[in-house]
Amino acid sequence: MCGIVGGNIKSWNYAKAIESIKHRGPDSQEIRSEDEFTFGFVRLAIIDLDPRSNQPMYSSDNQFLIVFNGEIYNYKAVKAILQNHGYKFRTESDTEVALIAYIHWGAEFLQHIEGMFAIAIYDRAKKEILICRDQVGIKPLYYFYDGSRFAFCSELKGLEA
């Protein structure tokens, strides 16, 4: 279990939100701001224990950022497909596979991955964020949007914080 948090509300205390969900991931935690968005993550390291798999994770060209909670069951098969398309991987994590799958297929990457997940991917060039979760809704993802201010978190108490 991990936890994700983020949004564009400058007055929001993201550190307090991370503190409220830190029980979801004792192995690492980090908050990063990109443009008008802030992203936070708490990690329970299971698949790839290497610190290079910590999040927020950036693409090799730093255009994309991902925070991801969950597991991609078929990540090895998807990784092999992407490697056949010429992509190089720095980690053994399913997080990096999800990120590169998004880079390759765009939002249609969801048609190629199987698992339980809540994902936020930010495109720094377009200043757009994609937030999605698995089709069954196993991994929680709460959000707030009032027309201009937006925030999301793995737990409701993170938004309340």
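The exercises below, each with a worked solution, concern a predicted model.

**Exercise 1. Strand 1**

Decide whether strand 1 is buried or exposed, and find its partner strand.

Solution.
- Strand 1 covers residues 3-7.
- In general, side chains in a regular strand alternate between the two faces of the sheet.
- Here Gly3, Val5 and Gly7 point one way, while Ile4 and Gly6 point the other way.
- A residue is buried when its relative accessible area is under 20%. Five of the five residues of strand 1 are buried, so the strand is largely enclosed by the rest of the structure.
- The partner is strand 9, residues 150-153, which pairs with strand 1 in the antiparallel sense over three bridges.
- Within this pairing, glycine 6 stands opposite phenylalanine 152.

**Exercise 2. The open sheet**

Give the order of the four strands in the open sheet, and explain why strand 4 and strand 7 each have one side without a neighbour.

Solution.
- The order is 4-5-6-7, with antiparallel pairing.
- Strand 4 (57-58) and strand 7 stand at the edges. Each has a single partner strand, so one side of each is left without a neighbour in the sheet.
- For strand 7, the pairing with strand 6 is antiparallel and runs over six bridges.
- One position in this pairing places alanine 120 opposite isoleucine 131.

**Exercise 3. The nonpolar cores**

Find which elements give two or more residues to the largest nonpolar core.

Solution.
- The largest nonpolar core has 22 residues. Those with the most contacts inside this core are Ile66, Val78, Leu82, Phe109, Ile113, Ile119 and Ile121.
- Two or more residues each come from strand 5 (64-72), helix 2 (75-84), helix 3 (94-105) and strand 6 (115-123).
- Helix 3 supplies the largest share, seven residues.
- Take leucine 82 as a case: leaving aside neighbours within four places in sequence, leucine 82 is in contact with Tyr87, Phe89, Val97, Ile100, Ala101, His104 and Trp105.
- Apart from this core lies another, of 14 residues, including Cys2, Phe37, Phe39 and Tyr122.

**Exercise 4. Two loop residues**

Classify valine 136 and glutamate 155 as buried or exposed.

Solution.
- Valine 136 is in the loop between strand 7 (128-133) and strand 8 (142-145).
- Exposed means over 50% relative accessible area. Valine 136 has a relative accessibility of 70% and therefore counts as exposed.
- Together with Tyr73 and Ile138, Val136 makes a nonpolar surface patch of about 340 Å².
- Glutamate 155 is in the loop between strand 9 and helix 4 (156-160).
- The relative accessibility of glutamate 155 is 15%, so this residue counts as buried.
- Leaving aside neighbours within four places in sequence, glutamate 155 is in contact with Ile21, His23, Arg24 and Tyr142.

**Exercise 5. Positive phi**

Locate aspartate 35 and asparagine 62, and state the phi of each.

Solution.
- Most residues other than glycine have a negative phi.
- Aspartate 35 is not a glycine, yet has a positive phi of about 55°. Aspartate 35 lies in the loop between strand 2 (28-34) and strand 3 (37-43).
- With a relative accessible area of 38%, aspartate 35 is partly exposed.
- Asparagine 62 also is a residue other than glycine with a positive phi, near 65°. Asparagine 62 is in the loop between strand 4 and strand 5.
- Its relative accessible area is 40%, so asparagine 62 is partly exposed.

Technical notes:
Residues are numbered from 1 along each chain as its sequence is written. This is a predicted model: local features need pLDDT of at least 70, side-chain atom pairs count only at pLDDT 80 or more; totals for chains, interfaces and linings use all residues. Side-chain values use heavy atoms; hydrogens and water are left out. Patches are made of residues with over 30% relative accessible area and no salt bridge: like charges are joined within 9 Å, nonpolar side chains (Val, Leu, Ile, Met, Phe, Trp, Tyr) within 5 Å. Accessible areas come from the Shrake-Rupley method with a 1.4 Å probe; for residues, only the protein chains shown count as cover. A salt bridge is a side-chain nitrogen of Lys or Arg within 4 Å of a carboxyl oxygen of Asp or Glu. Buried means under 20% relative accessible area, exposed over 50%, partly exposed in between (1.4 Å probe, protein chains only). Two strands pair if DSSP finds at least two bridges between them. A nonpolar core is a set of buried Ala, Val, Leu, Ile, Met, Phe, Trp, Tyr and Cys residues joined through side-chain atoms within 4.5 Å. Contact means heavy atoms within 4.5 Å.
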